[in-house]
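This report is for a reader new to the structure. It describes a helix and its surroundings, a pair of rings and some backbone angles.

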Amino acid sequence: MLFRSDPSVTRLVRLTAGGGRGPWERIGLSFTGDCTRLADVELRVTDAAPGLVSWEVSSDVGDTRTVSLDGIETRVLPAVPDPQRDRRTPIGPTHGVRLDHVVVNTDDGERTSAAIEEVLGLGLRRVRDAGRGVSQRFHMLDNCVIEVVSGPHVTGTGASLWGMVLSVEDVDALATWLGPDVMSAPKPAVQPGRTIATVRAAAGLGVPFAVMSPHVAPRG
């Protein structure tokens, strides 16, 4: 059954990825069992094939259920309190402060955005033309942005979880600690005043993963 909810109380709780935890530990994350934390979002890593597999979202509407969001396995849980105490979590020499956004790839951005609105109750906030036929659509959870990407590079049918970006206190410190063979040099992000660095595929995460400096408060 589909439902709608207030985005102010709809939170990303967990992401599940395959590929094993070893590569994630080597970039500076600590695990308890098969779980680590990216600020206030739990990352569970299994020995399944690499890649993001599913996500869990909490909402104050409806009972626990598992649904397909345009092909993405989505588990919906009852609303949970805002876990402020968990928002600063270690990664190497610095700390993650927020899971900035999760990227969803799709062959049809309008269809996937409509599914996000129908299943999670999250209206479309903005559409950006990224050039070369690539379009980005943005939906806002209480603690994370969902970035829906469509374009010629997406060859499969339906939507899939693709990658994620973590805001950290010190991008430069993490890039230096990991070294250029593991992480790219920090560079200006699309958002003014922020920097971004990407973990290289050779690190073996099996999931596109980048870190960004925190949001810059507007002046005035």
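Contact here means that heavy atoms lie within 4.5 Å. The model is a predicted one.

Helix α3 spans residues 171-178, and Val-171, Leu-174, Ala-175 and Leu-178 are buried in it. Seen down the axis of α3, the buried residues fall within an arc of 100°, so they line one face of the helix. An α-helix has 3.6 residues a turn, so residues three or four places apart point the same way. The cover over the buried residues of α3 includes α1, β7 (89-91), β8 (94-106), β12 (159-168), β14 (195-198) and β15.

At the start of α3, a side-chain oxygen of Asp-170 comes to within 3.2 Å of the backbone nitrogen of Asp-172. Just after the helix, Gly-179 has a positive phi of about 90°.

Two of the elements that cover α3, namely α1 and β15, also hold the rings of an aromatic pair. One such pair is found in a search of the whole structure. The ring centres of Trp-24 and Phe-209 are 5.4 Å apart and the planes stand at 80°, so the pair is edge-to-face. Trp-24 belongs to α1 (residues 22-26) and Phe-209 to β15 (residues 209-212), so the pair ties together parts that are 185 residues apart in sequence. Both Trp-24 and Phe-209 are buried.

Positive phi values also occur in residues other than glycine:

| Residue | Phi | Loop |
|---|---|---|
| Asp-70 | near 50° | between β5 (65-69) and β6 (72-78) |
| Arg-132 | near 55° | between β9 (124-131) and β10 (134-140) |

Arg-132 is exposed, with a relative accessible area of 84%.

Conventions. Residues numbered from 1 in each chain as written. Predicted model: local features only at pLDDT ≥ 70, side-chain atom pairs only at ≥ 80, totals over all residues. Heavy atoms only, no water. Phe/Tyr/Trp six-rings, centres within 6.5 Å; stacked < 30°, edge-to-face > 60°. Helix = DSSP H or I, 4+ residues; strand = E, 2+ residues; numbered from the N terminus. Buried < 20%, exposed > 50% of the residue type's maximum accessible area, 1.4 Å probe, protein only. Arc of directions from axis to C-beta. Polar contact = N/O pair within 3.5 Å; in protein donor to acceptor, adjacent residues only side chain to side chain.
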